[in-house]
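Biologist: I'm new to this one, so could you take me through a single part up close? I'd like to hear about the salt bridges and who takes part in them.

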Amino acid sequence: MKIDVTKHLTLGAKRTLKAFRIAMFEELSEKEFDKITVNDICQRSEYPRATFYNYFDDKLDLLQYLWSYIAKDVFERLSITSENNTLVDAFNLLLGFFHSNESLLNSIKENNGVNSHLWHNMSGYLKHEVNKVVYQYCADNHSNQVPAKMLSRFFSDLLIGMLEWCLFDEPDIETKTAGRYLIALLNGKF
């Protein structure tokens with residue numbers, strides 16, 4: 001991104017980012033990512049291309065901003081109490097996000113599902129964010145018998161794998177049931 005969203009943004013910049021974010025979500029609900037153009041995004045957001053390029057290098061840059069926005073929203077609600085609770089809470093928040101954004105999930109499913117460019121891009125970003133959260137917990141917990149970096153990678157892979165399974169293989173699974181499966185995996189009770 002061409003602007004630093006971690007710093008104070010003007011009201012106008014916030015409005016512009018929101019318009020581009022909403023436009024991209026709406027476009028993604030209607031067609032696959034590869035068929036969306038910057039012109040489509042600008043037309044839907046009612047901002048000129050020049051404004052788009054003041055904020056983003058290209059549509060992939062906007063997509064990365066979307067994932068960071070989602071991750072920030074999800075992970076700000078996460079309290080780090082224990083490894084299992086943190087992972088289950090993160091999983092529930094992510095699953096809840098997709099259940100409340102069905103148009104995005106349907107677009108991913110309709111456009112090659114788990115093998116789509118969109119899902120790979122998003123799951124890679126979410127895995128990175130989960131990895132950071134778990135690493136923070138593991139690094140603070142000095143009783144680990146395994147290096148924190150290895151634990152965080154293992155658990156982030158597990159969490160995203162479980163999310164993929166729930167979204168694509170078992171879309172009708174109840175959140176409580178999925179949470180029980182995750183806890184069983186975390187506790188090594190297969």
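Modeller: Here is a walk through the salt bridges, pair by pair. Keep in mind that this is a predicted model. Searching the whole structure turns up nine salt bridges.

Let's start with Arg-44 and Glu-30, whose side chains meet with N and O at 2.7 Å. Arg-44 sits in helix H2 (residues 38-45) and Glu-30 in helix H1, so this pair ties together parts that are 14 residues apart in sequence. How open are the two partners? Arg-44 has 29% relative accessibility, which makes it partly exposed, while Glu-30, at 54%, counts as exposed.

Next up is Glu-32, which pairs with Lys-35; their closest N and O atoms are 3.8 Å apart. Glu-32 is partly exposed, with a relative accessible area of 25%, and Lys-35 counts as exposed at 55%.

Now hop over to helix H7 (residues 117-140), home to both Glu-129 and Lys-132. They are three residues apart there, about one turn of the helix, and their side chains form a salt bridge at 3.2 Å, N to O. Glu-129 has 12% relative accessibility; buried means under 20%, so Glu-129 counts as buried. Its partner Lys-132, at 45%, is partly exposed.

Some salt bridges share partners, and in this way Glu-26, Glu-27, Glu-30, Lys-31, Asp-40 and Arg-44 are joined into one network. Glu-30 and Arg-44, the pair we began with, are among the members of that network.

Conventions:
Residues are numbered from 1 along each chain as its sequence is written. This is a predicted model: local features need pLDDT of at least 70, side-chain atom pairs count only at pLDDT 80 or more; totals for chains, interfaces and linings use all residues. Side-chain values use heavy atoms; hydrogens and water are left out. A salt bridge is a side-chain nitrogen of Lys or Arg within 4 Å of a carboxyl oxygen of Asp or Glu. Helices (H or I, at least four residues) and strands (E, at least two) are DSSP runs, numbered from the N terminus. Buried means under 20% relative accessible area, exposed over 50%, partly exposed in between (1.4 Å probe, protein chains only).
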